[in-house]
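Biologist: I am new to this protein and would like some help reading it. Could you walk me through a few features, one at a time?

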Amino acid sequence: MENSPHLSSSAGKRPSLGIALIPLIIMAILLGVGYGIYKIRPQVLLVAAAFLTGCLGIILRFSWKDMERGIVDSIHKAMPAILIMLCVGILIGSWIASGTIPMVIYYGLKLISPQFFLVTACFVCSITALATGTSWGTIGTLGVAFIGIAMGLGIPLGPAAGAVVVGSYFGDKMSPFSDIPNLAVVTAGANLFDHIKHMIWSAVPGWLLSLLFYFFYGLKYQAKTVESENLELILDTLRKNFR
């Protein structure tokens, strides 16, 4: 019971919504102006935003112990997302080191028909991001491979990149391994699978429409394949340099 006065004191200092939004507005302005216009490194701007937030805490008469406790609690809540990001980094590094990207390019050029390339890229990136929980990691590995396949098949890079991004971000948002859904539910105090279940209503219809669009849009590339000798040259180069 001896902690009850401290708890009531902290509860009395709870800021209003308007005051709580001030640090977010300051950070947005610093990043938008400092990085967007003056090209200042974002790390410096984030430290400046943290300093101004600390000044706001002093104005609201929070003690250093209160602010320190809040910092530690926030880091503790974000730790699952941080660990996921570390694991994603290991995964991407292992794929790059083991030659997964040239392998996907090689077999993709041999197996994927040009007219079905866009819908295949979107679907495969969706499954990969769902299984790994990373959109950036999928784009940086399989996305690079699919861009190489698109170049080999003579498909424009714009639609190819769009298919990769759509699939990667959909799988990332639907994955229970993703850092963003985990961080969101920890922050809001919600259940992870309830959060994903509610996102289905907005994400899945958009994803299905994208697949439908890429299917019909990709049919026009049926005859736009590269010459067989150029394709064989690409495959032979990958075959000779692949380890």
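**Reading the model, feature by feature**

Modeller: Let's begin with one residue: Ile25 is placed in helix H2. Please keep in mind that this is a predicted model.

Biologist: Thanks! Is Ile25 buried, partly exposed or exposed, and why?

Modeller: Ile25 counts as partly exposed because its relative accessibility is 47%, and the partly exposed class runs from 20% to 50%.

Biologist: Which nonpolar residues join Ile25 in a patch on the surface?

Modeller: The general idea is that, in soluble globular proteins, nonpolar side chains tend to be buried together. Here, though, a nonpolar patch lies on the surface, formed by Leu17, Leu21, Leu24, Ile25, Met27, Ile29, Val33, Ile37, Tyr38, Ile40, Val44 and Leu46. Together they have about 1100 Å² of accessible area.

Biologist: Which helices supply at least two residues of the nonpolar patch?

Modeller: Helix H2 (17-35) and helix H3 (42-59) each do. H2 gives the largest share, seven residues.

Biologist: Now to the inside. In the largest nonpolar core, which residues touch the most other members?

Modeller: That core has 34 residues, and the ones touching the most other members are Ile105, Phe117, Leu118, Phe146, Ile149 and Ile155. Several helices each supply at least two residues of this core: H5 (100-111), H6 (117-132), H7 (135-153), H8 (157-174), H10 (192-218) and H11 (228-241).

Biologist: Let me zoom in on one of them. What does Ile105 touch?

Modeller: Leaving aside residues up to four places away in sequence, Ile105 touches Ala145, Gly148, Ile149 and Leu238.

Biologist: Let's turn to charges. How many salt bridges does the count come to?

Modeller: Side chains of opposite charge can pair when their charged atoms come close. In this model the count comes to six salt bridges. One of them joins Lys65 to Glu68, with the closest N and O atoms 3.8 Å apart.

Biologist: Where do Lys65 and Glu68 lie?

Modeller: A helix helps here: an α-helix has 3.6 residues a turn, so residues three or four places apart point the same way. Lys65 and Glu68 both lie in helix H4 (residues 64-97), three residues apart, about one turn of the helix. Lys65 is exposed, because its relative accessibility is 54%, while Glu68 is partly exposed, with a relative accessible area of 32%.

Biologist: How far apart are the closest N and O atoms of Asp194 and Lys197?

Modeller: They are 3.7 Å apart, in a salt bridge. Asp194 and Lys197 are three residues apart in helix H10, so about one helical turn separates them. Asp194 is partly exposed, at a relative accessible area of 37%.

Biologist: Which residues are linked in a network of salt bridges?

Modeller: Asp236, Arg239 and Lys240 are. Within it, Asp236 pairs with Lys240, the closest N and O atoms being 3.2 Å apart. Both of these residues lie in helix H11, four residues apart, about one turn of the helix. Asp236 is partly exposed, with a relative accessible area of 24%, whereas Lys240 is exposed, with 66%.

Biologist: One last helix, please. Which residues of H9 are buried, and what covers them?

Modeller: In helix H9 (residues 179-188), the buried residues are Asp179, Pro181, Asn182 and Val185. Their cover includes H4, H8 and H10. Just after H9 comes Gly189, which takes a positive phi of about 70 degrees.

Definitions and conventions: Residues numbered from 1 in each chain as written. Predicted model: local features only at pLDDT ≥ 70, side-chain atom pairs only at ≥ 80, totals over all residues. Heavy atoms only, no water. Core = buried A, V, L, I, M, F, W, Y, C linked by side-chain atoms within 4.5 Å. Buried < 20%, exposed > 50% of the residue type's maximum accessible area, 1.4 Å probe, protein only. Contact = heavy atoms within 4.5 Å. Patch = residues over 30% accessible without salt bridge, like charges linked within 9 Å, V, L, I, M, F, W, Y side chains within 5 Å. Areas by Shrake-Rupley, 256 points an atom, 1.4 Å probe, with all protein chains shown as cover. Salt bridge = Lys/Arg side-chain N within 4 Å of Asp/Glu carboxyl O.
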